[in-house]
Amino acid sequence: MVPIILLSCDIAFPRINNIRFWLLISSIIILVFSILSAKGSGTGWTIYPPLSSVEFHPGVSIDLTILSLHAAGVSSIIRSLNFLSSVLIIRQKSILIELCSLFSWRIIITTFLLLLALPVLAGAITILLTDRNFNTSFFNPNGGGDPILFQHLFWFFGHPEVYILIIPGFGIISQVISFYSRKKEVFSVLRIIYAILSIGFLGFIVWAHHIFTVGLDVDTRAYFTSATIVIAIPTGIKVFRWIATFSNSIKFYDSPIIWSLGFLFLFTVGGLTGIVLSNSSLDIILHDTYYVVAHFHYVLSIGAVFAIIAASVFWFPIIFNIVINEKLLKSQFLCIFLGVNLTFFPQHFLGLNGIPRRYSEYPDGFFNFNIIRSFGSIISSIRRMIFLFLLWEALRTNRFLLYIDYQNSIPEFLNLYLPKDHTFDNQIMLLK
């Protein structure tokens with residue numbers, strides 16, 4: 001989407017982008033090998049020592065996992081530099097950086113987060129690799145090391161990574177809402193840019209709220225509690241600006257805007273539970289319970305998925321020249337929205353009652369809540385498969401959009417989103 005929004009043919013360095021792609025494929029292959037060797041990496045996704053140390057995982061599986069992470073990290077860094085160069089160099093000279101689309105701003109901020117956070121993760125897993133293979137003791141308490149150091153390094157990367165995943169989704173929602181509000185930009189766009197910059201900065205100084213239970217002193221917990229609560233301010237600014245953009249406009253309830261409004265609801269609910277968890281006194285009680293799982297999935301997992309689906313139903317008809325069944329798309333939204341809420345909302349109550357995550361057994365008193373969330377998970381999973389079927393069906397039947405004269409018929413606000421130098425006529429001739 002970056003070249004299209006920048007009105008360009010391609011990104012700045014397409015060959016480097018190709019290298020980035022094959023590095024990612026190599027990373028996936030190495031990760032598969034790590035799963036198949038030495039019974040796999042049984043450490044969880046955080047690979048905390050001492051569980052990931054050579055004493056507990058003596059095989060090559062952890063080493064292959066670390067190599068896979070390095071390859072993926074190099075791929076992401078190359079991609080970040082490519083996107084940053086594209087946005088800063090390729091954009092039209094008449095467009096000031098302040099006037100770039102919000103999607104482009106999201107890409108700029110995401111690239112900076114990646115460039116600053118990924119080297120820290122690379123350093124942490126490299127140190128873990130030396131502990132495993134070269135007899136160092138950075139994370140081994142028997143040799144004077146500290147396993148909590150790995151957690152600090154990991155979450156210094158891990159929390160900005162959360163915003164790396166969701167900030168492009170913010171850009172998608174901004175594009176969709178401004179388009180269906182028939183406005184060239186979101187209400188008070190400069191303040192939204194400052195809010196995203198603030199989120200990017202604050203994301204680097206709140207990492208220890210993930211490890212409140214490791215024995216931090218009271219002053220440290222007080223600081224990270226305060227800094228985490230402060231993030232709610234720029235986040236609230238964004239949400240209110242989106243609502244203000246859509247509220248005072250002509251209403252078009254097509255499927256992309258419905259998915260965007262669903263994103264706003266779910267992200268707001270998850271943000272409210274995040275304020276609860278930001279308090280270290282409460283987090284110590286709720287840590288590693290289903291309350292944290294519910295918060296994380298409302299904010300990131302469901303939010304990011306809703307943003308991706310909104311982008312799919314918004315841009316796929318233009319990119320692939322297809323028409324997706326609108327009624328089925330709306331029924332799709334209702335079913336998935338119901339399914340994910342049935343799945344994750346009961347987890348708040350389970351977490352408040354102290355049910356820990358990753359446990360397969362639970363008291364019989366919580367049977368009803370678990371049945372409800374299992375039922376919701378089945379609904380959302382089936383409907384996701386039906387969504388893929390809708391895309392396949394639209395591509396198979398090849399129902400072309402009506403031809404629109406680019407110069408005369410497209411409204412002025414749409415010119416921001418379509419390339420001017422390479423029109424649809426040229427593209428069709430190239431395909432022929």
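**Local geometry and packing in a predicted all-helix model**

Ala38 is placed in the loop that runs between helix 2 and helix 3 of a model that is predicted. Although Ala38 is not a glycine, its phi is positive, at about 55°. Ala38 is partly exposed, its relative accessible area being 44%. A further backbone feature belongs to this stretch, since Pro50 also has its place in the loop between helix 2 (14–36) and helix 3 (61–90), and the peptide bond leading from Pro49 to Pro50 is cis, with an omega near 10°.

The protein chain as a whole contains 14 helices and zero strands, and its pattern, read along the sequence, is accordingly written as α-α-α-α-α-α-α-α-α-α-α-α-α-α. Of the 432 residues in the protein chain, 47% are buried. Among contacts with a separation of 6 or more, 78% are accounted for by residues that stand 24 or more positions apart.

Confidence in the model varies along the sequence. The mean pLDDT of the protein chain is 86, and 90% of its residues reach 70 or more. The highest confidence is found in helix 7 (residues 218–230), at 95, and the lowest in helix 14 (residues 424–431), where the mean is 44. Across residues 399–432 the pLDDT is below 50, and this stretch nevertheless has 47 contacts in the model beyond near neighbours in sequence.

Positive phi values recur elsewhere in the backbone. Ser188, which is not a glycine either, has a positive phi of about 55° and lies in the loop between helix 5 (147–180) and helix 6 (189–202). Whereas Ala38 is partly exposed, Ser188 is buried, with a relative accessible area of 17%, a value that falls under the 20% limit for burial. A positive phi, here near 60°, is also seen at Asn321, a residue that follows helix 11. Helix 11 (residues 290–319) itself carries a kink of about 45°, and the centre of this kink is His297.

The N-terminal part of the chain was examined through Pro3, which lies in helix 1 (residues 2–5). Pro3 counts as buried, its relative accessibility being 17%. When residues up to four places away in sequence are not counted, Pro3 touches Ser8, Cys9, Asp10 and Ile11. The C-alpha atom of Pro3 is separated by 9.4 Å from that of Phe83, although the two residues are 80 residues apart along the chain.

Helix 3 holds two polar residues of interest, Ser86 and Asp63. Ser86 is buried, with a relative accessible area of 1%, and its side chain reaches the backbone oxygen of Asn82 at 2.8 Å. As to charged pairs, a search of the whole structure finds one salt bridge, in which the side chains of Asp63 and Arg132 meet at 2.9 Å, N to O. Because Asp63 lies in helix 3 and Arg132 in helix 4 (residues 102–133), the pair ties together parts that are 69 residues apart in sequence. Both Asp63 and Arg132 are buried.

Nonpolar packing was then considered. The largest nonpolar core comprises 91 residues, and the members that touch the most other members are Ile166, Phe170, Trp242, Trp259, Phe263 and Phe306. The element that gives the most to this core is helix 5, with 16 residues. For Phe170, with its neighbours within four places in sequence left aside, the contacts are with Arg106, Ile196, Lys238, Trp242, Phe263 and Phe267; two of these partners, Trp242 and Phe263, are thus also named among the core residues that touch the most other members. Apart from the largest core lies another core, of five residues, which include Tyr290, Leu350, Ile355 and Phe366.

Conventions: Residues numbered from 1 in each chain as written. Heavy atoms only, no water. Bend = angle between axes of the 7 residues up to and from the residue. Helix = DSSP H or I, 4+ residues; strand = E, 2+ residues; numbered from the N terminus. Buried < 20%, exposed > 50% of the residue type's maximum accessible area, 1.4 Å probe, protein only. pLDDT = per-residue confidence, 0-100. Contact = heavy atoms within 4.5 Å. Polar contact = N/O pair within 3.5 Å; in protein donor to acceptor, adjacent residues only side chain to side chain. Salt bridge = Lys/Arg side-chain N within 4 Å of Asp/Glu carboxyl O. Core = buried A, V, L, I, M, F, W, Y, C linked by side-chain atoms within 4.5 Å.
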